[in-house]
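Please open the model in your viewer and keep the selection panel at hand. The tour below proceeds by selections, each followed by an account of what is found there.

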Amino acid sequence: MDFKQAAILGSYISKDYAEDLFRLLATYRNISASEAASRLNMHIKTVQDFMEAMTSLDILEKSETLEGKRPYYRYSLKKRLIEMSVDLSPLFQAEKSDDKLNLKIREMKNARVRFTVSRNNQYISNVVIWIGEGRDRKERKLNLSIPQGRFLYHLPFPSAEFKSIADIMESAGNNGENVSEILDIVNVLIEYNVIESES
């Protein structure tokens, strides 16, 4: 089950009426949305949306039935057990290539940013970026993890030479365990024109 499917299931199964609808589906061999709605005194659109969502997740099966000239659907349960299993492995970034760690960066000149140093003066605790102009200017604050803060504490100034991400991590005493979160904050700050890379 992917995140989109899990979100649909979680959204509908958390409704107060979900158990009652499943009880009806377990009781009847098949049932229409209008029959279920009248039985539970619910709005037919609410029941229809629930039935269609459960069908899209392969929990229900629907079959078209003709009543006169007007077709409608009847729903039946396909499963007695619903299990939610979400695979998080695609969210983990693959091992970082040397190319990314070899990227040379520094703080961009006139970046309209404020770095707040921690009380012990050993790392950056947060970054405040100003976006927009005049009255439309907004403040974007990024709270940093300690490894990110140590990394940015050693980020070369705009007037300094570019340094590779690997070299900055070494200066910050990072042993490579936090590579993914370092690269994440670097990508964000490049996007906000706080960090520039050597072309």
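**Stop one: two helices**

In this predicted model, begin by selecting helix α2 (residues 18-27) together with helix α4 (residues 44-56), which pack at an angle of about 70° with their axes 12 Å apart. Angles of 65 to 115 degrees count as roughly perpendicular, and α2 and α4 are therefore described as roughly perpendicular to each other. The crossing in which α2 passes α4 is right-handed. Display the side chains next: α2 contributes Ala18, Leu21, Phe22 and Leu25 to the contact, and α4 contributes Val47, Phe50, Met51 and Met54. The residues of this contact of α2 with α4 comprise 8 nonpolar, no polar and no charged.

**Stop two: helix α1 against α4**

Keep α4 selected and add helix α1 (residues 3-13); the two axes come within 10 Å and cross at roughly 145°. Here α1 passes α4 in a left-handed crossing. On the α1 side, show Ile8, Leu9 and Tyr12; on the α4 side, show Asp49, Phe50, Ala53 and Met54. The contact of α1 with α4 is made up of 6 nonpolar, no polar and 1 charged residues.

**Stop three: helix α3 against α2**

Return to α2 and add helix α3 (residues 33-40). How do the axes of α2 and α3 cross? They come within 11 Å and cross at roughly 120°, which makes α2 oblique to α3. This crossing of α2 and α3 is right-handed. The residues to label are Asp20, Leu21 and Leu24 in α2, which meet Ala36, Arg39 and Leu40 in α3. By class, the contact of α2 with α3 holds 4 nonpolar, no polar and 2 charged residues.

**Stop four: the sheet that α2 packs on**

Now select the strands of an open sheet of 3 strands, ordered β1-β3-β2 and paired in the antiparallel sense. Strands β1 (31-32) and β2 (60-67) stand at the edges with a single partner strand each, so one side of each has no neighbour in the sheet. Helix α2 packs on this sheet and touches β1, β2 and β3, its direction making about 95° with that of β3. To examine the pairing itself, select β2 with strand β3 (residues 70-77): the two run antiparallel and are joined by 8 bridges. For one of these positions, label glutamate 64, whose bridge partner in β3 is tyrosine 73.

**Stop five: across to the other domain**

Zoom out and colour the chain by domain. The protein is divided into domain 1 (3-77) and domain 2 (93-197). Taken over C-alpha atoms, the centres of domain 1 and domain 2 are separated by 50 Å.

**Stop six: the β5-β6-β7 sheet**

Which strands form the next open sheet, and in what order? This sheet has 3 strands in the order β5-β6-β7, with antiparallel pairing. Its edge strands, β5 and β7, each pair on one side only. With direction ignored, neighbouring strands of this sheet are turned by 20° against each other on average.

Select strand β5 (residues 113-117) with strand β6 (residues 124-131), an antiparallel pair joined by 5 bridges. Valine 117 stands opposite isoleucine 124 in β6. These two strands, β5 and β6, form a hairpin with 6 residues between them, and asparagine 121 in the turn has a positive phi of about 60°.

Move on to strand β7 (residues 138-143), which is antiparallel to β6 and joined to it by 6 bridges. Two pairs may be labelled here: valine 128 stands opposite lysine 141 in β7, and valine 127 has leucine 142 in β7 as its bridge partner. Helix α6 (residues 146-153) packs on the sheet, touching β5 and β6, and its direction makes about 70° with that of β6. The hairpin of β6 and β7 has 6 residues between the strands; in its turn, glycine 132 has a positive phi of about 95°.

**Last stop: strand β4 and its partners**

Finally, select strand β4 (residues 104-107) with strand β8 (residues 163-164); they pair in the antiparallel sense over 2 bridges. Lysine 104 has serine 164 in β8 as its bridge partner. Then add strand β9 (residues 195-197), which runs antiparallel to β4 and is joined to it by 3 bridges. The bridge partner of arginine 106 in β9 is glutamate 196.

Terms used
Residues are numbered from 1 along each chain as its sequence is written. This is a predicted model: local features need pLDDT of at least 70, side-chain atom pairs count only at pLDDT 80 or more; totals for chains, interfaces and linings use all residues. Side-chain values use heavy atoms; hydrogens and water are left out. Domain bounds come from an automatic or database domain assignment. Two strands pair if DSSP finds at least two bridges between them. Helices (H or I, at least four residues) and strands (E, at least two) are DSSP runs, numbered from the N terminus. Axes are lines fitted to C-alpha atoms, for helices over the stretch in contact, and angles run from 0 to 180 degrees between N-to-C directions. Angles under 35 degrees count as roughly parallel, over 145 as roughly antiparallel, 65 to 115 as roughly perpendicular and the rest as oblique. A crossing is left-handed if the near helix is turned anticlockwise from the far one by less than a right angle, and right-handed if clockwise. Contact means heavy atoms within 4.5 Å. Ala, Val, Leu, Ile, Met, Phe, Trp, Tyr, Cys and Pro count as nonpolar, Asp, Glu, Lys and Arg as charged, and the others, Gly among them, as polar.
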